[in-house]
Amino acid sequence: MSGGPANDGSGPEKAPADGDLSARLKRLETQLEGKRPSAGPDKLARTGTSGGSAPLGQAMRLSTEFIAGVIAGGILGYIVDHLFGSKPWGMIVLLMLGFVTGIYNVMRVSGFSTKKTEKDRR
């Protein structure tokens with residue numbers, strides 16, 4: 001380090017003044033900002049900060065959205081069958097409805113089926 005004389009253990013080392021230290025810190029921050037590539041918040045959100053875990057997280061979310069729709073349809077189908085005595089038709093119909101809902105949720109989350117409103121078109 002070229003900041004000052006080395007401490008050889010013969011005496012206490014003098015700490016730099018707070019004003020000098022903050023000035024050096026501000027100068028370092030401005031130099032780093034100048035060398036850092038500018039990235040908008042949208043770019044950071046898409047690429048992620050943890051490298052390979054972003055695609056895994058998205059895959060987990062998509063699979064959870066799909067499975068949740070199917071499970072909800074199955075539970076509702078069981079309840080309808082139990083209440084109305086319509087075994088197995090309530091389960092069949094609501095499982096298919098849950099499947100379709102799961103696919104719709106996956107498409108919605110992935111951005112495949114976005115509805116453009118008048119404000120978006122302008």
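Select Arg 36 to begin: this residue is partly exposed, with a relative accessible area of 48%, where buried means under 20% relative accessible area, exposed means over 50%, and partly exposed is in between, as found with a 1.4 Å probe and with protein chains only. The model on your screen is predicted, so local features are described at a pLDDT of at least 70 and side-chain atom pairs count only at pLDDT 80 or more, while totals for chains, interfaces and linings use all residues. Residues are numbered from 1 along each chain as its sequence is written, and side-chain values use heavy atoms, with hydrogens and water left out.

**Stop 1: the salt bridges**

Keep Arg 36 selected and add Glu 33, which is exposed at a relative accessible area of 52%. The two form a salt bridge, with their closest N and O atoms 2.9 Å apart; the term stands for a side-chain nitrogen of Lys or Arg within 4 Å of a carboxyl oxygen of Asp or Glu. How many salt bridges does this rule give? The count comes to 2, so select the side chains of Arg 108 and Glu 65 as well, which meet in a salt bridge at 3.9 Å, N to O. Because Arg 108 belongs to helix 4 and Glu 65 to helix 3, this pair ties together parts that are 43 residues apart in sequence. Arg 108 is partly exposed, with a relative accessible area of 42%, whereas Glu 65 is listed among the buried residues of helix 3.

**Stop 2: the whole chain**

Now zoom out and colour by secondary structure, where you should find 5 helices and 0 strands; helices (H or I, at least four residues) and strands (E, at least two) are DSSP runs, numbered from the N terminus. Of the 122 residues of the protein, 9% count as buried. The protein exposes about 10,600 Å², and carbon and sulfur atoms supply 64% of this area, which comes from the Shrake-Rupley method with a 1.4 Å probe, and for residues only the protein chains shown count as cover. Among contacts (heavy atoms within 4.5 Å) with a separation of 6 or more, residues 24 or more positions apart account for 48%.

**Stop 3: helix 3**

Select residues 53-84, which make up helix 3. At 1.5 Å a residue, its 32 residues should span 46 Å, and the end C-alpha atoms are indeed 46 Å apart, which agrees; the expected span is 1.5 Å times one less than the number of residues. Which residues of helix 3 are buried? They are Glu 65, Gly 69, Gly 73, Gly 74, Gly 77 and Asp 81, and what covers them includes helix 4.

Next, show the surface of Ile 67, Ile 71, Ile 75, Leu 76, Tyr 78, Ile 79, Leu 83 and Phe 84, which together make a nonpolar patch of about 870 Å². Patches are made of residues with over 30% relative accessible area and no salt bridge, with like charges joined within 9 Å and nonpolar side chains (Val, Leu, Ile, Met, Phe, Trp, Tyr) within 5 Å. Within this patch, Leu 76 counts as partly exposed at 49% relative accessibility.

**Stop 4: the loop to helix 4**

Move on to Gly 85, which follows helix 3 and has a positive phi, near 65°. Then select Lys 87 and Pro 88, which are joined by a cis peptide bond with omega at about -5°; Pro 88 sits in the loop between helix 3 and helix 4. For comparison, most residues other than glycine have a negative phi, and most peptide bonds are trans.

**Stop 5: helix 4**

Select residues 89-110 for helix 4, whose 22 residues should span 32 Å at 1.5 Å a residue; the end C-alpha atoms are 32 Å apart, which agrees. Inside this selection, highlight the buried residues Gly 90, Leu 94, Gly 98, Gly 102 and Asn 105. They lie on the same side of helix 4, because they cover an arc of only 100° around the axis, the arc being that of the directions from the helix axis to the C-beta atoms. These buried residues pack against helix 3, while the face turned away from the buried side carries the exposed residues Trp 89, Met 96 and Val 100.

**Stop 6: Leu 94**

Finish with Leu 94, which is buried at a relative accessible area of 19%. Leaving out residues up to four places away in sequence, Leu 94 touches Gly 73, Leu 76, Gly 77 and Val 80. The C-alpha atoms of Leu 94 and Leu 76 are 6.7 Å apart in space, although the two residues are 18 residues apart in sequence.
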